[in-house]
Amino acid sequence: CLATPLKPQYDGGIIVNPELNHSLEGWSSFGEAKMQHRESSEGNKFVVAHSRNQSHDSISQKIILESDKLYTFSAWIQVSNGSAPVTAIFKTSSEFIHAGAVVAEPKCWSLLKGGLTVNASGPAELYFESNDTSVEIWVDSISLQPFTEEEWKSHQDQSIAKIRMGNVRIQAVDAQGNPLKNATISIQQKASSFPFGCAINKNILTNNAYQNWFTSRFRVTTFEDEMKWYSNEPSPGREDYSAADAMLQFARSHGIAVRGHNVFWDDPHFQPGWVNSLTKRQLFSATFKRLNSIMHRYKGQVIGWDVVNENLHWNFFESKLGSKASALMYNWAVKADGANTLFMNEFNTIEESRDGASTPARYLQKLREIQTFPGNRNARMAIGLESHFVTPNLPYIRSSIDILAATRLPIWITELDVQSGPNQAWYLEQVLREVHAHPQIQGIVIWAAWNPQGCYRMCLTDNNFRNLATGNVVDKLLYEWGLKASTSSGATDSNGSFKANLSHGDYELEISHPSATNSSLVFKFNVSSTTASLQPLRLQLSA
């Protein structure tokens, strides 16, 4: 929250008078609000919507939107008093599109960042909305920038090349240090650095075809149900970790990392049946025992914990144990496995701009509440975004992750799927490209654990483990991004040099030359974000 708003992105894009330097040119009142042009003591000019009686009473600007464009949107917002959510909405002839929201404060400016696409080209009207009609809405530095699909895809590709790939140069020389032309080089990837995976369930323990299909692709997983409280303690004191233990052993034997999902789920519909009848004191004791049971059991065996799942949409534990229940549980988690990463895990933060419960601003509010709870200052927090999509809004996804990325905390896509429909595979590819291109995304898990009766919302294979269209998308991207073990080969040029662009990870290189007495030289190396700045790998073969 800044004393003065920053300049509008892209100089405002297609917005007229984005900094309000030309009085109210281009702007109109919306609904029954009164509109006023104001200037701060520092000389900053902005527009104010006041005398508001309905949530949509605000200011507006009319624009033309095109269906083949992707639009990023931003504005700096302030309210006159209190603290109030403010949403940017685009009204078209057929729909009201929520482009983004922010919890605005008085006496400082907050960035509202979002984006949108439209189904049909035509006129539209931008306005702002707040259910708190007692506040004035102040707006400044507005921007709406269109991009073509080609421009958007180009940015994704450039970002992936920059943050996920590295250029490696190898130079082969003889015993005297002279370049070796036509040395044969083979580079085999041993492990990818980027965690890309898929959920599993206990069906994998007894199905060889499932095992083979899964282990040939993924390096990280999440158990669909087998670590949840209702699975581990179906009746008071009768703990059953047999399925989770076996699945963990399976994952470990194949070098697959496991996310701990989840310690608690705040949804009242997914509690062990016996929990509902407990008194407050009994529930406090049961939750403390549950957390310590699972976290101590699997300490050092999982790469992170979803401590309280979906605590923006649900409040089972808060309703029983008090408003700070989630923060308290993270405090217990710090004490039980403080060296591990502790996630909030939530849906609709990047999927659905109309869901006011879990906007990026709401997510950050809850995150701060947890972090500021006594004893949680050093908690290794991380952001989990479930990512259950219907129709993805790529500009909104990117802007929402940008907002969360300002925390500099790790961000994972934890349960990615797309609702069944004719565009399911295409939407899946769009989302995967978008999130993999964001520099703050540190892992992706697809929510497609196989079940013979059908997956949660999206399968990658049929029951014979032949790829569906969604599975083909995953395979295509695994190869394109170098996330699946592969081998590349070639020969050195006249300078004894060989160049390769490789995804971050561990590699083994084999080099040989007819003039070398040792038939070949094997060398192990790692490609990371710092590789590009290193000197060429100089490999000497004996003559």
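Here is a short chat about a predicted model, with a colleague asking and the modeller answering.

Colleague: Before we dig in, what pLDDT do local features need here?
Modeller: This is a predicted model, where side-chain atom pairs count only at pLDDT 80 or more, totals for chains, interfaces and linings use all residues, and local features need pLDDT of at least 70. Residues are numbered from 1 along each chain as its sequence is written, and side-chain values use heavy atoms, with hydrogens and water left out. So much for the ground rules; the local-feature cut-off is a pLDDT of at least 70.

Colleague: Which residues does the "domain: GH10" annotation cover?
Modeller: That label comes from an unreviewed UniProt entry; such annotations may be inferred rather than shown by experiment, and their positions follow the numbering used here, with feature names shortened. The span is 36% helix and 19% strand, and its end C-alpha atoms lie 34 Å apart. Helices (H or I, at least four residues) and strands (E, at least two) are DSSP runs, numbered from the N terminus. The annotation covers residues 181-477.

Colleague: How far apart are the centres of domain 1 and domain 2?
Modeller: The bounds come from an automatic or database domain assignment. It gives domain 1 as 10-151, domain 2 as 174-190 + 485-540, and domain 3 as 195-438 + 471-481. Taken over C-alpha atoms, the centres of domain 1 and domain 2 are separated by 55 Å.

Colleague: Are H10 and H11 roughly parallel or roughly antiparallel?
Modeller: Helix H10 (residues 424-436) packs against helix H11 (residues 469-480) at about 30°, their axes 8 Å apart. Axes are lines fitted to C-alpha atoms, for helices over the stretch in contact, and angles run from 0 to 180 degrees between N-to-C directions. Angles under 35 degrees count as roughly parallel, over 145 as roughly antiparallel, 65 to 115 as roughly perpendicular and the rest as oblique. Therefore H10 and H11 are roughly parallel.

Colleague: And how many nonpolar, polar and charged residues make up the contact of H10 with H11?
Modeller: Contact means heavy atoms within 4.5 Å, and among the residues involved are Leu428 and Leu432 of H10 and Val473 and Val474 of H11. Ala, Val, Leu, Ile, Met, Phe, Trp, Tyr, Cys and Pro count as nonpolar, Asp, Glu, Lys and Arg as charged, and the others, Gly among them, as polar. The split is seven nonpolar, two polar and four charged.

Colleague: Is the crossing of H9 and H10 left-handed or right-handed?
Modeller: The axes of helix H9 (residues 394-405) and H10 come within 10 Å and cross at roughly 25°, which means H9 is roughly parallel to H10. A crossing is left-handed if the near helix is turned anticlockwise from the far one by less than a right angle, and right-handed if clockwise. For H9 and H10 the crossing is right-handed.

Colleague: Which residues in H9 does H8 meet?
Modeller: Helix H8 (residues 360-371) and H9 have axes that come within 9 Å and cross at roughly 25°. From H8, the residues taking part are Pro360, Tyr363 and Leu364. In H9 they meet Tyr396, Ser400, Ile403 and Leu404.

Colleague: Any backbone oddity? Which peptide bond is cis, with omega near -15°?
Modeller: Look in strand E15 (residues 257-265), where Asn262 is found. The cis bond runs from His261 to Asn262.
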